[in-house]
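Hi,

Here is the structure I said I would pass on. Have a look, and then read my notes underneath.

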Amino acid sequence: MFINIFILLECYRRVSKEIYFVIQPDYSQDYKYYCFYWTPTSTLVNPTVVFKFQNARNNYIYLDDVTFNSSTNLIQNGDFETNDDLLEPTLWFSPCWRVCSRSIVEENPKSGKFSFRARGDYVYLKQTISISDDEQSDIYYFGFWLKFNCNNVDPCTISATISSSLVF
Ligand SMILES: [Ca+2]
C-alpha cells in the first residue's frame with residue numbers, strides 16, 4: 001500500500017526564490033521536526049543554509065539531523081556526529097556575537113551521540129552547499145529537529161534561511 005509521506009509529515013511547501021522561515025517555538029521542551037518541500041524559482045548557485053539563534057542567556061536550543069536533499073543529503077555532518085573537533089564544528093561556520101555560546105554536546109542528541117547547542121544572542125550556524133547541474137530544477141527537501149529549553153519568560157527566536165547569497 002502506498003503511503004503518502006508528504007501528508008504524514010505535514011511539511012511546509014514553498015515555491016520561492018529563497019527560504020526565510022522564522023520558527024515559532026512551542027516550548028514543549030521535546031524535539032520537534034520542521035520540514036519543507038521547496039521548489040526554487042531561480043538557479044541555486046552554492047546556496048547557503050543558515051540558522052540564527054537568539055535566546056535568553058540561561059536557556060539552550062538544540063539542533064540535530066539537518067538534511068537538504070534532492071537525491072542525497074547535501075548537508076555535511078548534519079547529524080553533528082563526525083566532527084573531530086567537537087567544540088568548533090569544522091563544516092558549520094558558527095560565529096558567536098555578544099554574550100553567547102555554541103558547541104556540540106552529548107547531553108541531548110536526537111540521533112547518535114551529539115547535537116548542536118546554542119545559547120545567548122546572535123548565534124549563527126552556516127553551511128554552503130554544492131549543487132550539481134543535474135540536481136537543479138529538483139524539488140528539495142529541507143528538514144531538521146529542534147528542541148527548545150526556553151519558556152514564555154525567557155523566549156527563543158530561531159530562523160532558518162536558504163539563499164544563494166547572504167550577508168549578515
Ligand atoms: Ca546527532
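Below is what I found in it, going from the overall fold to single residues.

Two things to know before you start. This is a predicted model, so to speak of a local feature I need pLDDT of at least 70, and side-chain atom pairs count only at pLDDT 80 or more, while totals for chains, interfaces and linings use all residues. Residues are numbered from 1 along each chain as its sequence is written.

The chain has 1 helix and 10 strands; these are DSSP runs numbered from the N terminus, H or I of at least four residues for helices and E of at least two for strands. Along the sequence the order is α-β-β-β-β-β-β-β-β-β-β. Of the 168 residues, 30% are buried (20 or more other C-beta atoms within 10 Å of the residue's own, with exposed meaning 12 or fewer, partly exposed in between, and C-beta atoms placed from the backbone). As for contacts (C-beta atoms, placed from the backbone, within 7 Å), 75% of those between residues at least 6 apart in sequence join residues at least 24 apart.

Now the sheet. Four strands make an open, antiparallel sheet in the order E2-E10-E4-E8, where pairing takes at least two DSSP bridges between two strands. E2 (19–23) and E8 (123–128) are at the edges with a single partner strand each, so one side of each has no neighbour in the sheet. From one strand to the next the twist averages 10° (axes are lines fitted to C-alpha atoms, and angles run from 0 to 180 degrees between N-to-C directions). E2 pairs with E10 (156–163) in the antiparallel sense over 5 bridges, and Tyr20 sits opposite Thr161 in E10.

Then the core. The largest nonpolar core (buried Ala, Val, Leu, Ile, Met, Phe, Trp, Tyr and Cys joined through C-beta atoms within 7 Å) has 34 residues, and Phe51, Ile61, Leu63, Phe116 and Leu146 touch the most other members. E3, E4, E5, E7, E8, E9 and E10 each supply at least two residues of this core. Beyond its neighbours within four places in sequence, Phe51 is in contact with Leu63, Leu125, Ile158 and Ala160.

Lastly, two backbone oddities to look at. Gln29, in the loop between E2 and E3 (32–40), has a positive phi of about 65° without being a glycine. Gln29 is partly exposed, with 13 other C-beta atoms within 10 Å. Asn77 is in the loop between E5 (60–69) and E6 (100–105), and its phi is near 60°, again positive in a non-glycine residue. Asn77 is partly exposed too, with 17 C-beta neighbours inside 10 Å.

Cheers

Definitions and conventions. Contact = placed C-beta atoms within 7 Å.
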